[in-house]
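Here is a walk through one protein model and the metal sites it carries. Have the sequence and the 3D view open while you read.

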Amino acid sequence: MSMPGNKLLIVDDDPGIRELLSDFASEIGFDVETAADAEQFLKCCRTFQPAVVIIDLVMPGADGIEILRSMAQRGSTAQVIVMSGLDEKVLKTAKRIGAHHGFTMLGALTKPIDLDVLERLLLGARRDDEPISEQTLGHAIENGELILHYQPKVRLAQDGSLPLDGVEALVRWQSPTMGLVSPARFIPVAEKCGLIGELTGAVFRMAADQAAAWKADGMPMSVAINLAPALLQDIGLPDRMAKELALRSLSGDSLVLEITESGTIDDGLHVTDVLTRFRLKGIGLSLDDFGTGFSSLVQLYRMPFSELKIDQSFVSRLDDDDEARIIVRSIVDLARNLGLSTCAEGVETAGGLAFLRHVGCDKIQGYLISKPLPAPDIADFISRWQRPETAGTMLASSA
Ligand code: C2E
Ligand code: CA
Ligand code: CA
């Protein structure tokens, strides 16, 4: 019998490759179908409902990028492996495009195929998870099953200290049947089926309640929430958020909105209007995942962001990659010249911290400081962090 999470669909125009992949995947327990071209593939996607797809990027007729786009338009939530004989850069770009469409990208396969790599990628797939449906997610939001963890951001102060700057709220789904579910799994579903507005509303109210509670307990701090770019089309949002803050006696500067850099942040009047009105209310605007998306310098210059978050894909490589160091240094310089503050995310090592301090980055966030924590643990974190003698050891022990 085939389990829904076991279904694998392979598209490649080369029958030899189809056979090789198909035989191997069947051997390790996948239920496999193959397709020779885009049309066959998309048809099979509908009827077979694969949990995982392997897509050859180069095929006569339609290429892999077009296939990814069509899958997204059809609402597929399959996990994706891309494959090609072309160089690494092309594969990387394809992975990024897939991620932008909301797919979980399991990785890339280069030709000639290494079956060990294939095995690792396939085993990384969620085998037992059924895809999350709009209905279950909608129900979870209504039922209050979403919870927030908070990850500290600290400033790299001139005197070498690391004062707390605020926290970022990161949503998790505490599902009675699946346990704690990562946002990487359900945010794309929410974005695709139009639940993202409702989800963000729930996150915002929880974060605002928490900010008010911390303020009442003598620990006022700014809380950042993540905002999907699509929500910037909602012209009423700045007023509604400001009203909710005022209801809790919070000022605008207790909220930061992190907005992912993506193709959909257009610089049309509408979006610029919404962004500007957030700023007029004192709400901070942070451009998330900077360096991975498509925002042009012109956009960056025109839009009223206050902070730029350097994507962890660069930050995590600071210790051993010259290119990553050059990119991060350039982003920090660029931001400084545009009057934006910088926050590096995903800092895990003392070496990374030292480099970021050296190039003049303003803030950092990452496991080196703390993982995202439930609210009660944040109070704990703060009280230990503020004692200078323990702050140092906390850093050393988590490094
Ligand atoms: P993000 O906004 O880029 O958040 C950073 C992610 O990196 C978080 O994953 C965080 O737990 C993880 N992280 C932080 N420090 C480190 C580190 O040092 N090393 C490593 N390896 N990882 C680190 P998380 O919580 O799984 O969130 C994933 C993404 O889901 C977020 O990426 C964000 O885009 C999205 N997300 C989370 N909450 C919300 C939400 O309320 N609304 C929306 N629209 N998106 C959300
Ligand atoms: Ca973020
Ligand atoms: Ca980010």
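Let's start with a spacing pattern: the residues that donate to the calcium ion (ligand 3) follow D-D-x55-E along the sequence. In this predicted model, those donors are D288 (OD), D289 (OD) and E345, with E345 (OE) listed twice, and they sit at 2.2 to 2.4 Å from the ion. D288 and D289 are both buried.

D289 has a backbone quirk too. Its phi is near 55 degrees, a positive value in a residue other than glycine. You'll find D289 in strand β11, which covers residues 284-290.

Which residue do the two calcium ions, ligand 2 and ligand 3, have in common? It's D288, which coordinates both, and the ions are 4.0 Å apart. Here are the two sites next to each other:

| Ion | Donors | Distances | Donor spacing |
|---|---|---|---|
| calcium ion (ligand 2) | E168 (OE), N226 (OD1), E258 (OE), D288 (OD) | 2.2 to 2.4 Å | E-x57-N-x31-E-x29-D |
| calcium ion (ligand 3) | D288 (OD), D289 (OD), E345 (OE), E345 (OE) | 2.2 to 2.4 Å | D-D-x55-E |

Stay with the calcium ion (ligand 2), whose donors are spaced E-x57-N-x31-E-x29-D. E168 lies in strand β7 (residues 164-175) and E258 in strand β10 (residues 255-260), so this pair ties together parts that are 90 residues apart in sequence. Are these two glutamates buried or exposed? E168 has a relative accessible area of 5%, and because the cut-off for buried is under 20%, E168 is buried. E258 is buried as well, with a value of 0%.

Now zoom out to the whole chain. The protein chain has 16 helices and 14 strands. Its radius of gyration is 22 Å, close to the 21 Å that the globule rule gives for 399 residues, so the chain is as compact as a globular protein of that length. Along the principal axes, the C-alpha atoms fill a box of roughly 65 × 45 × 40 Å.

How much of the chain counts as buried? The figure is 50% of the 399 residues. If you take the contacts with a separation of 6 or more, 67% of them come from residues 24 or more positions apart. On the outside, the chain exposes about 18700 Å², and carbon and sulfur atoms supply 52% of that. As for charge, there are 38 positive and 56 negative ones, and their mean positions are 5 Å apart.

A few local spots are worth a click. A324 lies in helix α13 (residues 322-337) and is buried, at a relative accessible area of 0%. Leaving aside neighbours within four places in sequence, A324 is in contact with F314, R317 and L318. The C-alpha atoms of A324 and S313 are separated by 8.6 Å, and these residues are eleven apart along the chain.

Next, the loops. The peptide bond from K111 to P112 is cis, with omega near 0 degrees, and P112 is placed in the loop between β5 (105-110) and α5 (115-123). In the loop between α9 (237-247) and β10 you'll come across S249. Phi of S249 is near 55 degrees, a positive value in a residue other than glycine. S249 counts as exposed, at 52% relative accessibility.

Key. Residues numbered from 1 in each chain as written. Chains lettered and ligands numbered in written order. Predicted model: local features only at pLDDT ≥ 70, side-chain atom pairs only at ≥ 80, totals over all residues. Heavy atoms only, no water. Helix = DSSP H or I, 4+ residues; strand = E, 2+ residues; numbered from the N terminus. Rg over C-alpha atoms; globule rule 2.2 N^0.38 Å. Buried < 20%, exposed > 50% of the residue type's maximum accessible area, 1.4 Å probe, protein only. Contact = heavy atoms within 4.5 Å. Areas by Shrake-Rupley, 256 points an atom, 1.4 Å probe, with all protein chains shown as cover. Lys, Arg positive; Asp, Glu negative; His and termini not counted. Charge placed at Lys NZ, Arg CZ, Asp CG, Glu CD. Donors = N, O, S within 2.8 Å, 3.2 Å for Na, K, Ca; no water.
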